[in-house]
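Hi there,

Here is the structure I promised to pass on. Have a look at it first, and then read my notes on the empty spaces below.

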Amino acid sequence: MKIKMNAKFWIVVALILCLIGSIGASQIQSCGGKITIKDMSFESPEGYLLSATLYKPQTASRQYPAPGVVTVEGWYNNKEMQDLYSIELARRGYVVIALDMHGHGNSEATYQADLYNGAVGVDAAVQLIASLPYVDTTRIGVTGHSSGGTAANMAVEIDNSRETPLIAAVLQQAGDWQDDTGGDHSGDYGSRDVGIIASEYDDFYFGTYDENGNMLTNPKQFMETAGAKKFLNFNEDGFEGVAEAGKYYEKDFDGETAYRVIYRPTMIHPLVTYSPKCVTYALDFFDLTLGSPRQLDSSNQIWQWKAVFNGIGLIGFFIFMFSFAIALLDTPTFAVLKAKEEVKPAICKDNAGKLWFWALAVLGAVFSGWSFIFCMNHVYTNTTEFFVQTGPLTIGVWCLMSGGFTLVMMLVYYFCYGKKNGFSFRDTGVVLNLEQAWKTVVLAVIVIAVSFALVFCSQYFFQVDYRIYVLAVKTFNADKVIIALKYLVFFLVFYVINSISINCFNFNNIGGKWNIFILALFNALGSIFIVASQYIYFYATGYQLYGLTEGQRIGPIWLFPVMVILFGAAITARILYKKTKNPYLAGLINSMFVVLISVSNTFTVLGGAQMVCTTF
């Protein structure tokens with residue numbers, strides 16, 4: 001039998017993919033039910049609600065307490081970014097608490113004055129894991145990526161004030177002995193075991209600077225620096241010989257051996273959260289310092305399979321979102337939005353038309369890249385009492401600038417060429433009647449609400465969400481909806497105008513069936529260029545192309561998911577346009593989707609602040 005592959009068929013496929021992804025990811029993270037997974041919310045001693053995930057192996061009990069490890073995400077991330085470490089440690093018998101720091105994930109946001117209280121929430125997680133009856137309080141470790149690791153340094157300082165300190169070992173993932181306020185904690189470690197994963201091409205750490213902020217040595221030269229040698233020498237001067245990566249340096253403290261080690265993966269800062277090699281370092285480190293209850297080779301890793309299943313769920317989510325929109329067009333309520341006839345590409349009649357197409361595509365890509373650099377330099381960190389998230393504000397202003405530029409270019413095209421060559425706003429769908437307009441808005445809202453309901457179901461029943469690395473669709477608290485509404489106008493301007501440009505102005509016979517892929521490439525080309533130029537230059541010279549401020553360093557990292565989103569937004573916009581001859585439906589869906597994943601996957605600070613880490 002020939003299967004009719006219509007929207008309903010693809011909805012079924014999407015739901016199957018989401019179910020397979022959710023079940024598979026759940027089975028991997030729980031190791032087939034051998035690890036109990038619990039999503040937790042708890043009040044810190046400082047009075048803030050913290051979100052965490054508990055991994056409890058079956059082998060941990062009151063009779064046989066297990067070592068415990070707190071894993072902490074980096075700045076602008078959430079606890080799921082520590083999945084690779086949390087899963088593999090739990091498989092080996094460690095009790096793990098994966099923490100969202102203050103203002104991250106589903107943890108409560110604070111004002112800047114309170115942000116670093118309790119080590120950004122890490123100390124509360126240390127106290128919590130130590131209070132569990134099946135955790136050995138003499139074997140507690142903390143590991144965190146970037147600012148999550150430097151927050152662990154703050155927790156060590158607090159821990160030193162206890163009569164019996166709780167933290168026995170600290171592993172920095174792409175972080176060092178500093179914290180994000182500029183504090184130096186190298187003298188706080190004492191007899192604790194401490195390791196550093198110092199990537200050779202780290203975007204933020206492991207360089208040295210003169211008094212004017214100019215880089216003297218780059219991250220690749222870290223092992224030659226006095227700071228690295230002093231760290232390996234237990235914060236004492238007089239290190240002799242060559243500092244060796246991966247070597248465990250030892251010192252006796254009252255009959256107990258303490259360790260220092262620096263690992264040197266050849267990668268950039270964000271890849272430490274997606275690296276089997278770095279997981280191997282962590283497993284070896286904690287096996288030596290805390291002792292693994294279950295002996296498995298450190299290369300025996302399964303977290304990648306959870307990433308695969310999360311990815312399957314994400315693919316299912318996208319298929320569902322747009323198939324559901326198309327399916328609703330067949331209902332009586334939304335039938336008015338369905339195209340009355342096949343939507344065909346316009347015919348480009350002359351070379352002048354082709355020149356306009358290619359010239360505006362190139363200009364758009366160039367402006368996209370330039371305007372993003374502008375936002376990195378001038379918008380980053382300028383949160384306010386109204387706009388409480390740095391990332392969506394920076395990306396949002398970029399969207400506003402790019403959307404405005406695209407609108408101007410479309411008008412220039414129309415008055416200089418399109419109008420006298422038969423272009424019609426009504427015939428291409430730029431102009432809608434009132435009924436079409438309000439039903440477009442209602443349909444887009446329904447699609448987004450039902451699509452995100454799938455994510456909440458996966459979280460509720462299976463404790464998983466949908467993601468591929470940093471492109472993540474996760475659950476969120478009600479406060480994120482309010483924040484999203486504040487930023488929505490920025491994203492609406494871009495994605496609606498972008499859809500009009502791609503479909504009403506550029507759906508033509510140039511490129512034939514590849515027309516949409518050409519447009520999708522140019523849609524993402526500015527961001528692709530920023531990322532490629534930054535890291536090609538970095539790997540070639542050891543220094544970063546776009547400067548040393550935090551905004552200049554983190555900007556290209558933020559573009560990792562944006563490149564995929566911009567490419568995909570063009571294709572999905574075309575799919576819906578061919579069904580509706582309506583550019584606004586895709587623009588609304590894409591903008592609402594992007595703003596929700598943006599505000600739920602970043603950091604929130606209340607009251608307005610300039611959140612530039614003083615260490616950079």
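What follows is a short tour of the cavities and one of the pockets.

Please keep in mind that this is a predicted model. I found three cavities of 30 Å³ or more in the structure. The largest cavity comes out at about 150 Å³. It is lined by 13 residues, and those closest to its centre are Glu 80, Asp 83, Tyr 274, Ala 307 and Arg 467. Two elements, α2 (83-91) and α8 (303-328), give two or more residues to this lining, and α8 gives the most, with four. Sorted by class, the lining of the largest cavity has seven nonpolar, two polar and four charged residues.

The second largest cavity has a volume of about 40 Å³. Its lining is made up of Trp 177, Ser 186, Tyr 189, Lys 230, Phe 231, Phe 234, Asn 235 and Arg 260. Here the classes are four nonpolar, two polar and two charged.

Now for a pocket. The second largest pocket has a volume of about 420 Å³. Among its 20 lining residues, Phe 318, Ile 319, Phe 322, Gly 568 and Thr 572 are closest to the centre. Helix α8 turns up again, supplying the largest share of this lining with eight residues, while α14 (550-580) and α15 (583-600) each supply at least two. And how many charged residues are in the lining of the second largest pocket? There are none: the lining divides into 16 nonpolar and four polar residues.

Happy exploring, and best wishes!

Note on methods
Residues are numbered from 1 along each chain as its sequence is written. This is a predicted model: local features need pLDDT of at least 70, side-chain atom pairs count only at pLDDT 80 or more; totals for chains, interfaces and linings use all residues. Side-chain values use heavy atoms; hydrogens and water are left out. On a 1 Å grid over the protein atoms alone, a cavity is a set of points where a 1.4 Å probe fits but cannot get out, and a pocket is an open set with protein on both sides within 12 Å along at least five of seven lines; lining residues have an atom within 4 Å of a point. Grid points are joined across faces, edges and corners, and a volume is the space filled by probe spheres set on the points. Ala, Val, Leu, Ile, Met, Phe, Trp, Tyr, Cys and Pro count as nonpolar, Asp, Glu, Lys and Arg as charged, and the others, Gly among them, as polar.
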